[in-house]
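Subject: Handing over a structure, with notes

Dear colleague,

I am passing on a structure that you have not worked with before, and below it you will find my notes on what came out of it. Please read them with the structure open beside you.

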Amino acid sequence: MATYKEIKGTQIEAVATDPSNPVEGQVWYNTTSNVLKGLKVLATGSWATGGNLNTARRGLGGAGTQTAGLAFGGEGPPLTGATEKYNGTNWTEVNDMNTARANLGSGKMTQTSALGYGGQPPALIGNTELWNGTNWTEVNDLNQARYGGGGAGADSPSALYFGGYYSPPATRAANTESWNGTNWTEVNDLNTGRSGPGGNGIITSALVYGGYDTTSRAYTESWNGTNWTEVNDLNTARSNIEGTGTYTAALAFGGSAAPGVTGATEEWNGVSWAEQNDLSTARQLPAGAGTTTSALSAGGGPPFLSATEEWNVPSNTVKTLTD
């Protein structure tokens with residue numbers, strides 16, 4: 001019979017305590033408990049039902065985490081500035097935005113420090129508002145009024161806004177603007193102008209994916225603080241997509257993909273996208289918050305949803321090999 005070393009190319013390590021960061025397939029013998037152990041990788045993530053928004057809507061902004069989320073703006077109809085915070089179970093209404101709007105950008109910050117910018121009320125606006133956990137305050141506007149762009153800015157108070165739509169003339173924007181806590185500054189454009197992309201990250205390392213120019217796209221670009229670079233595409237081309245996470249670990253979900261809306265969910269590992277379990281309810285233009293292991297999707301359409309879904313990935317678990 002072949003030995004473990006002959007099969008795996010290494011002997012089983014004997015240790016007094018379990019490794020702090022084992023990798024998939026690693027096996028060791030714990031001399032303290034006299035047990036042979038290994039790392040068991042559990043199932044991939046899935047979506048589960050959360051608490052409904054008080055105001056059903058689409059085209060809203062989002063920030064925070066799965067257990068401390070924030071949703072603001074959108075259309076019900078009518079256009080609304082309604083703001084709600086989530087505690088992991090229920091949504092609670094708090095103070096409204098000063099300007100009701102839909103399809104706005106959001107910085108994916110926190111429940112107590114968020115930024116909402118641009119949108120349609122119904123004309124295009126560049127208005128920017130800052131949330132301090134209690135109230136919204138109007139601050140300096142975008143340089144280019146537009147709606148339907150992607151946002152990044154988990155490193156509050158900074159933010160990044162890219163893409164979107166403006167007119168006249170009718171333009172799928174490539175514009176990128178950086179917020180320093182006081183003003184917006186125009187920086188280098190996307191390689192492909194688009195409306196309805198997803199986005200996440202911080203102002204020095206961000207990701208944009210999907211969107212619409214002449215059709216729904218799968219294009220993905222990464223931002224290094226100076227320039228955008230084309231990287232590997234989504235598996236499902238779509239616009240009006242939402243996402244959350246970081247430059248190297250992102251979750252993209254929902255969107256509009258012919259012939260209708262989709263619940264497709266994909267995970268980015270810094271190199272490529274991998275398909276995951278779909279949303280239970282297909283939707284476009286939801287609010288998003290959280291990480292690749294613990295995320296939130298709230299509202300969206302069609303036509304106007306209050307449903308919230310929570311994404312969770314079970315942790316890998318050290319198991320005895322007899323389990």
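Helices and strands here are DSSP runs numbered from the N terminus, where a helix is a run of H or I of at least four residues and a strand is a run of E of at least two. Counted in this way, the protein chain has one helix and 32 strands. The model is a predicted one, in which local features need pLDDT of at least 70 and side-chain atom pairs count only at pLDDT 80 or more, whereas totals for chains, interfaces and linings use all residues. Residues are numbered from 1 along each chain as its sequence is written, and side-chain values use heavy atoms, with hydrogens and water left out.

Overall form

The radius of gyration (taken over C-alpha atoms) is compared here with a globule rule of 2.2 Å times the number of residues to the power 0.38. For the protein chain the radius is 22 Å, close to the 20 Å that the rule gives for 323 residues, so the chain is as compact as a globular protein of that length. Along the principal axes, the C-alpha trace spans about 75 × 40 × 40 Å. A residue is called buried under 20% relative accessible area, exposed over 50% and partly exposed in between, with a 1.4 Å probe and protein chains only; of the 323 residues, 48% count as buried.

The sheet around strand 14

Strands of a sheet pair through backbone hydrogen bonds, either parallel or antiparallel. Two strands are taken as paired if DSSP finds at least two bridges between them. One open sheet has four strands in the order 13-14-17-18, with antiparallel pairing. Strand 13 and strand 18 (184-187) stand at its edges with a single partner strand each, so one side of each has no neighbour in the sheet. The twist from one strand to the next averages 25°, where axes are lines fitted to C-alpha atoms (for helices over the stretch in contact) and angles run from 0 to 180 degrees between N-to-C directions.

Within this sheet, strand 13 (residues 150-152) pairs with strand 14 over three bridges, and Gly-150 stands opposite Phe-162 there. Strand 14 also pairs with strand 17 (residues 176-179), over four bridges, and in that pairing Phe-162 stands opposite Thr-176. Strand 14 (residues 159-162) is covered on both faces, since Ala-159 and Tyr-161 on one side and Leu-160 and Phe-162 on the other are all buried. Strand 17 and strand 18 are joined over four bridges, with Ser-178 opposite Thr-185.

The sheet from strand 23 to strand 28

Another open sheet has four strands in the order 23-24-27-28, again with antiparallel pairing. Its edge strands are strand 23 (242-245) and strand 28 (273-276), each of which pairs on one side only. Strand 24 (residues 250-253) and strand 27 (residues 265-268) pair over four bridges, and Ala-250 stands opposite Trp-268.

Salt bridges

If a salt bridge is a side-chain nitrogen of Lys or Arg within 4 Å of a carboxyl oxygen of Asp or Glu, the count comes to nine. Among them is the pair Lys-108 and Glu-242, whose closest N and O atoms are 3.2 Å apart. Lys-108 lies in the loop between strand 9 (105-106) and strand 10 (114-117) and Glu-242 in strand 23, so the pair ties together parts that are 134 residues apart in sequence. Both Lys-108 and Glu-242 are buried.

Arg-238 and Glu-266 meet in a salt bridge at 2.9 Å, N to O. This pair links Arg-238, in the loop between strand 22 (228-231) and strand 23, with Glu-266 in strand 27, 28 residues apart. Arg-238 is buried, with a relative accessible area of 0%, and Glu-266 is buried too, at 1%.

The side chains of Arg-58 and Glu-75 form a salt bridge at 3.2 Å, N to O. Arg-58 sits in the loop between strand 4 (46-49) and strand 5 (61-64), and Glu-75 in the loop between strand 6 (69-72) and strand 7 (83-86), 17 residues apart. Arg-58 is partly exposed, with a relative accessible area of 23%.

With kind regards
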